[in-house]
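Visitor: Pick one loop in this model and give me a close look at it, please. Then work outwards and show me what else is worth a look.

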Amino acid sequence: MDQQVAAYRLLDGKRCSDSLKERIAIEAAEVKLMRGRAPHLAAVLVGDDGASRTYVEAKVKACESVGFRSTLVRLPATTSEDALLARIDELNRDPELDGFIVQLPLPKHIDADKVMLFIDPRKDVDGFHPVNVGNMVLGQPGFLPATPAGIVELLRHYGVATSGKHCVVVGRSNIVGTPVSILMSRNAEPGNCTVTLAHSRTRDLASITRQADILIIAAGKPEMITGDMVKEGVVVVDVGIHRIEDATRKSGFRLLGDARFSEVAAKASWITPVPGGVGPMTIVSLLQNTLKAARQ
Ligand code: NDP
């Protein structure tokens with residue numbers, strides 16, 4: 001067992017994102033020199049959801065760390081859909097702003113699809129607007145969604161071979177599972193995988209995950225992928241992140257992924273830690289998109 005545990009290597013998103021951030025900071029300084037102002041990202045947060053606030057604050061902090069300007073637009077949970085759209089209209093028109101994101105989930109009375117459609121695709125640095133989704137599908141220039149782009153970047157950074165491999169993606173959300181399945185099947189490197197996209201209606205999930213050379217898990221279910229569900233040598237990217245109460249910890253909680261780490265890592269050749277895997281890569285992709293918007 002100990003011998004197997006020692007065999008896996010970490011796809012360290014923290015380390016990878018730190019090195020990418022160094023490059024972004026240099027490019028941000030160039031942009032500032034050329035245009036007289038630093039790249040500028042705004043984040044819109046509606047309501048007071050604790051997890052959303054943490055995510056947004058991490059994004060703002062990341063902006064500061066690479067010399068971007070950032071603006072946090074906080075709106076109360078009672079904000080009407082019309083009022084939010086009016087605020088987005090202002091951000092769309094603001095010449096001092098390169099890109100912005102609207103943190104999800106939104107309160108139930110607001111139609112998130114309508115909001116996404118309202119964002120100017122040229123400022124849609126989350127890559128959720130249908131124009132950017134279409135460009136991704138067609139392999140045209142545009143903004144890639146942050147988490148899938150971060151996963152691909154992480155595989156590239158560690159030189160994980162993907163061509164001809166069987167990639168199984170668990171979860172088909174619009175922000176993670178579906179777009180990452182498209183990126184992994186593209187005629188590109190990383191890419192060129194044969195992709196299976198599994199979801200809650202998939203029959204006998206274990207028989208499919210056991211076939212995976214590369215397993216990307218984005219189901220949002222703590223530790224649902226166990227050691228018996230993967231084969232020896234698998235590359236595992238665990239997108240899930242869950243805060244589980246734990247009275248034995250000083251913080252009162254611990255973070256778990258969608259994979260049961262100790263069991264899955266024992267069979268894996270590469271695996272992302274949780275935390276410190278996909279999370280930091282998502283943020284660095286957002287910075288890359290903002291830099292790209294600022295250069296356009
Ligand atoms: P969603 O809840 O939107 O989607 C979950 C998907 O998983 C759905 O497609 C669902 O299927 C599928 N699913 C659920 N249960 C099962 C099951 N038992 N077997 C197979 N498929 C299943 O989640 P997201 O994609 O938004 O997020 C997934 C996870 O990733 C969450 O834990 C989230 O917190 C985390 N996350 C982390 C990020 C990061 O930066 N680290 C960024 C974004 C998300 P169906 O469509 O049939 O319902």
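Guide: Let's start with burial: a residue is buried under 20% relative accessible area, exposed over 50% and partly exposed in between, using a 1.4 Å probe and counting protein chains only. By that scale Asn192 is partly exposed, with a relative accessible area of 26%.

Before going on, some ground rules. This is a predicted model, so local features need pLDDT of at least 70 and side-chain atom pairs count only at pLDDT 80 or more, while totals for chains, interfaces and linings use all residues. Residues are numbered from 1 along each chain as its sequence is written, and side-chain values use heavy atoms, with hydrogens and water left out.

Asn192 sits in the loop between H8 and S6, and that's the loop I'd pick. Helices (H or I, at least four residues) and strands (E, at least two) are DSSP runs, numbered from the N terminus. Asn192 isn't a glycine, yet its phi is positive, about 55°. Pro190 is in the loop between H8 and S6 too, and the peptide bond joining Glu189 to Pro190 is cis, with omega about -5°.

Now step back to the helix leading into that loop. H8 covers residues 177-185, and its buried residues are Gly177, Pro179, Val180, Ser181, Leu183 and Met184. They pack against helices H6 (130-138) and H7 (146-157), and against strands S5 (166-170), S6 (194-198) and S7 (214-217). Contact here means heavy atoms within 4.5 Å.

Follow S6 out the other way and you get to Asp204, in the loop between S6 and helix H9 (205-209). Asp204 is another non-glycine with a positive phi, about 45°. Its relative accessible area is 51%, so Asp204 counts as exposed.

Next, the ligand. There are 21 residues around it, and Arg172, Ser173, His199, Ser200 and Thr282 come nearest; to be near, a residue needs one of its heavy atoms within 4 Å of the molecule. Polar contacts are pairs of N or O atoms within 3.5 Å; within protein, one atom must be able to donate a hydrogen and the other to accept it, and residues adjacent in sequence count only if both atoms are side-chain atoms. An N or O atom in the Ser173 side chain is 2.6 Å from a ligand oxygen, and one in the Arg172 side chain is 2.7 Å from a ligand oxygen. With His199, a polar backbone atom lies 3.4 Å from a ligand nitrogen. Taken alone, the ligand exposes 930 Å², and the protein buries 69% of that. Areas come from the Shrake-Rupley method with a 1.4 Å probe, and for residues only the protein chains shown count as cover. The shell splits into nine nonpolar, ten polar and two charged residues. For that tally, Ala, Val, Leu, Ile, Met, Phe, Trp, Tyr, Cys and Pro are nonpolar, Asp, Glu, Lys and Arg are charged, and the others, Gly among them, are polar.

Thr282 was one of the nearest residues, so have a look at Met281, in helix H11 (residues 278-295). Met281 counts as buried, at 1% relative accessibility. Its C-alpha is 5.7 Å from that of Gly13, though the two are 268 residues apart in sequence. Beyond its neighbours within four places, Met281 is in contact with residues including Gly13, Cys16, Leu20, Ala146 and Leu154.

There's a second cis bond to see, from Leu104 to Pro105, with omega near 0°. Pro105 lies in the loop between strand S4 (99-102) and helix H5 (112-118). Both Leu104 and Pro105 touch Ser52, as do Leu45 and Gln103, not counting residues up to four places away in sequence. Ser52 belongs to helix H3 (residues 50-65) and is buried, at 4% relative accessibility.

Finally, the whole chain. It holds eleven helices and eleven strands, and 49% of its 296 residues are buried. Of the contacts between residues at least 6 apart in sequence, 70% join residues at least 24 apart. The C-alpha trace spans about 55 × 40 × 40 Å along its principal axes. The radius of gyration is 19 Å, which agrees with the value near 19 Å for a compact globule of 296 residues; it is taken over C-alpha atoms, and the globule rule is 2.2 Å times the number of residues to the power 0.38.
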